Amino acid sequence: PGATRPLADTPDKTERCLVEACPHCGAAVAETAQQCRERYDHVDLPAVRPEVTRVEVFGGRCHGCGRRYRAPTPAAMPPGTPFGPGIHALLAYLHHSHHVGFERLSRMCKELFGLSISEGAIANAFRRMAGKFDAACAAIKAKLLQARVIASDETTTRIDGVTHWQWVFVSEQAILHEIAPGRGRAVAEAVLDGHRPEVWVSDRYAGQQELGQTHQVCLAHVLRDVQYAIDCGDTVCAPKIRDHLRWAIRIGKRRPSLKDSTLAVYAGQAERRLDRLLGTPAAHPAGRELQRQIKAWRNKFFVFLHDRRVPPTNNISEQEIRPSVVFRKVTNGFRSAWGAKVHAGYRSVTGTARLKGTTALNAVRALIDGSFAIA
């Protein structure tokens, strides 16, 4: 069925179209005799141009003591860079969220907003934001280390042509990105700083193991291995395991409506059926290899059926790190270590703000204004 855009709740202005004379006979028509026959919205963007404020600082020499004096500058417009927090936030948003390179970003500012800003000035703007991102990341890390459930993932990135690794750590209230030279477990241990969450959610990479008291493996990754066994020719064992894991994930999605006792019954069914599937000899080599892999991780499959806080997959981490993967493919990585650190700080701040319903642009603006806070 067709659909139309709903009318705005609070239009900025209203244009009333009244008839002055009857188009048929030419008789005068009073305004009170007319009724509104149609309403529609016309939406457009006004011309966006930078607002320039000239700051004049006055001073002189005191006639009493002979010493010089000078008026204080506005707190919101200190001397130094001429660009305000709105411009800084917009530059960071377009570069880190929409992967616009410095050259294109300079051209966009000129053509869209009439703002002349060089690539060097953009780089300097990001350098000035580095300290604020560092302070915010410290607060985000402190919040992360209070979490009882943490999910994590990692992906490659490049700094000056050298491969590095970008890690992400996700909890219900905080998201922290970290870029490090290696992929080893030491990176996660350095971030955790001795903290050991109740549950760790990740894929089966060795560097992600033994970081929590219990571990929930990502069932989406397991299903990929199951599909590989099916593609290799296993038509008996692997399809049954696939159907069972999909059933368990569906139960996980229904947890908010299930009683604790009902969920416990489902958890027992999931454990027993998987044991039966693993105990049935597989005729195909791919099925036997799949059974061997699952047995090695057997006690980490259905933690989410015993703990409502735990997700069955690590999709939340993959979704959080995906924009950085796109950024790497579009820009080919970073030219400097400080640029990578700013990107990690930006992703940490905007990711954490999104958990609280704040957009990326507003989050960065609040960070620059000094009003950004981790509740």
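The questions and answers below concern a predicted model.

Biologist: Which residues does UniProt assign to the feature "domain: Transposase IS66 central"?
Modeller: The assignment comes from an unreviewed UniProt entry. In the model, the span is 55% helix and 13% strand, and its end C-alpha atoms lie 24 Å apart. The feature is placed at residues 82-341.

Biologist: Which element gives the largest share of the largest nonpolar core?
Modeller: This core has 45 residues, and Leu91, Ile117, Phe169 and Val349 have the most contacts inside it. Elements that give two or more residues to the core include strand S4 (162-170), strand S5 (175-180), helix H10 (337-355) and helix H3 (119-144). The largest share is ten residues, and the element that gives it is H3.

Biologist: How many residues are in the second, separate core?
Modeller: In soluble globular proteins, nonpolar side chains tend to be buried together. Here, Val149, Ile175, Val201 and Ala229 are included in a second core, separate from the largest one. Its residue count is 41.

Biologist: Which residues is Val349 in contact with, leaving aside its neighbours within four places in sequence?
Modeller: Val349 is among the residues with the most contacts inside the largest core. With those sequence neighbours left aside, its partners are Phe133, Ala136, Ile140, Ala363, Leu367 and Phe372.

Biologist: Is Ser348 buried or exposed?
Modeller: Ser348 has its place in helix H10. Not counting residues up to four places away in sequence, Ser348 touches Cys137, Ile140, Ile175, Leu176 and His177. Its relative accessible area is 0%, and buried means under 20%, so Ser348 is buried.

Biologist: Is Arg70 buried or exposed?
Modeller: Arg70 is found in strand S2, residues 68-70. Beyond residues up to four places away in sequence, Arg70 touches Val57, Phe58 and Gly59. The cut-off for exposed is over 50%; Arg70 has 67% relative accessibility, so this residue counts as exposed.

Biologist: What separates the C-alpha atoms of Arg70 and Ala27?
Modeller: Along the chain, Arg70 and Ala27 are 43 residues apart. In space, the separation of their C-alpha atoms is 71 Å.

Biologist: What is the accessible area of the nonpolar patch that Val55, Val57 and Met77 form together on the surface?
Modeller: Met77 is found in the loop between S2 and H1. Because its relative accessibility is 37%, Met77 counts as partly exposed. Val57, another member of the patch, is touched by Arg70. Together the three residues have an accessible area of about 200 Å².

Technical notes:
Residues numbered from 1 in each chain as written. Predicted model: local features only at pLDDT ≥ 70, side-chain atom pairs only at ≥ 80, totals over all residues. Heavy atoms only, no water. UniProt positions renumbered as here; feature names shortened; annotations may be inferred. Helix = DSSP H or I, 4+ residues; strand = E, 2+ residues; numbered from the N terminus. Core = buried A, V, L, I, M, F, W, Y, C linked by side-chain atoms within 4.5 Å. Buried < 20%, exposed > 50% of the residue type's maximum accessible area, 1.4 Å probe, protein only. Contact = heavy atoms within 4.5 Å. Patch = residues over 30% accessible without salt bridge, like charges linked within 9 Å, V, L, I, M, F, W, Y side chains within 5 Å. Areas by Shrake-Rupley, 256 points an atom, 1.4 Å probe, with all protein chains shown as cover. Salt bridge = Lys/Arg side-chain N within 4 Å of Asp/Glu carboxyl O.
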